[in-house]
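This report introduces a protein model to a reader who has not met it before. Please keep the sequence and the structure in view while reading.

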Amino acid sequence: MFQRTSKRRAAAISTALLLILLAINTLTGAWWPYICLTIGFPLIIRQFLQGRTYDSIVSAVIFIGLFVVNNYEVEWQVILPVAFISSAILILFREFINPFAAKEPEMERDRDIEIMEDKDH
């Protein structure tokens, strides 16, 4: 996954979007459950622009799911099992499909070795 823009630019875009959505909430007087979207959309955009596509999908499912559950009064007896099963599938998908998962411990080990070498010099 490649970074689509710099972290600074992604932060600026997401902060501007958050302020715009807060202004819309203030002008319309609609807070709950629209605050879920107000917080969620900037976070999703930031993660997407930073190349964290998987994280942005998970965030979208969570925040949009909270909005739908609260706005359309979906019963918790229905949504909780769906949420647990979806979470399990996402965790398994990330663990077994993510090509970078196996490299993370190696990268951490390499980084620790570099830090130790820097301390020695």
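Does Gln-50 count as buried or exposed? At 16% relative accessibility, Gln-50 counts as buried, because the cut-off for that class is under 20%. The model discussed here is a predicted one.

**Overall architecture**

The secondary structure of the protein chain amounts to five helices and zero strands. Followed along the sequence, the chain has the pattern α-α-α-α-α. Of its 121 residues, 20% count as buried. Among contacts between residues at least 6 apart in sequence, 62% join residues at least 24 apart.

**The loop residue Gln-50**

Gln-50 is located in the loop between α2 and α3. When its neighbours within four places in sequence are left aside, Gln-50 is in contact with Gln-3, Lys-7 and Ala-10.

**The packing of α2 against α3**

The two helices that flank this loop also pack together. Their axes are 8 Å apart, and the angle between α2 and α3 is about 170°. Because angles over 145 degrees fall in that class, α2 and α3 are roughly antiparallel to each other. The residues of this contact divide into 13 nonpolar, six polar and one charged. On the α2 side, the participants include Leu-37, Phe-41, Ile-44 and Phe-48. On the α3 side, they include Ala-60, Phe-63, Ile-64 and Phe-67. Asp-55 of α3 is also part of this contact.

**Thr-38 within α2**

Another residue to consider in α2 is Thr-38, which lies in that helix. With a relative accessibility of 2%, Thr-38 counts as buried. Leaving aside neighbours within four places in sequence, Thr-38 is in contact with Leu-18, Leu-21, Leu-22 and Asn-25. With Asn-25 there is a polar contact between the two side chains, at 2.6 Å. Thr-38 and Ile-24 stand 14 residues apart in sequence, and the distance between their C-alpha atoms is 9.2 Å.

**The salt bridge**

Side chains of opposite charge can pair when their charged atoms come close. How many salt bridges does a search of the whole structure find? The search finds one. In that salt bridge, the side chain of Arg-52 meets the side chain of Asp-55, with 3.2 Å from N to O. Asp-55 thus appears both in this pair and among the α3 residues that meet α2. Arg-52 counts as partly exposed, with a relative accessibility of 36%.

**Backbone features in two further loops**

Trp-32 and Pro-33 are joined by a cis peptide bond, with omega at about 5°. Pro-33 is found in the loop that connects α1 (7-28) with α2 (34-49). Glu-73 has a phi near 50°, which is a positive value in a residue other than glycine. The loop that holds Glu-73 runs between α3 (53-71) and α4 (76-97).

**Accessibility of the residues discussed**

The following table brings together the relative accessibilities of four residues.

| Residue | Relative accessibility | Class |
|---|---|---|
| Thr-38 | 2% | buried |
| Gln-50 | 16% | buried |
| Arg-52 | 36% | partly exposed |
| Glu-73 | 68% | exposed |

Glu-73 is classed as exposed because its value of 68% lies in the range over 50%. Thr-38, by contrast, is classed as buried at 2%, given the limit of under 20%.

Methods. Residues numbered from 1 in each chain as written. Predicted model: local features only at pLDDT ≥ 70, side-chain atom pairs only at ≥ 80, totals over all residues. Heavy atoms only, no water. Salt bridge = Lys/Arg side-chain N within 4 Å of Asp/Glu carboxyl O. Buried < 20%, exposed > 50% of the residue type's maximum accessible area, 1.4 Å probe, protein only. Helix = DSSP H or I, 4+ residues; strand = E, 2+ residues; numbered from the N terminus. Axes fitted to C-alpha atoms, helices over the stretch in contact; angles between N-to-C directions. Parallel < 35°, antiparallel > 145°, perpendicular 65-115°, else oblique. Contact = heavy atoms within 4.5 Å. Nonpolar A, V, L, I, M, F, W, Y, C, P; charged D, E, K, R; others polar. Polar contact = N/O pair within 3.5 Å; in protein donor to acceptor, adjacent residues only side chain to side chain.
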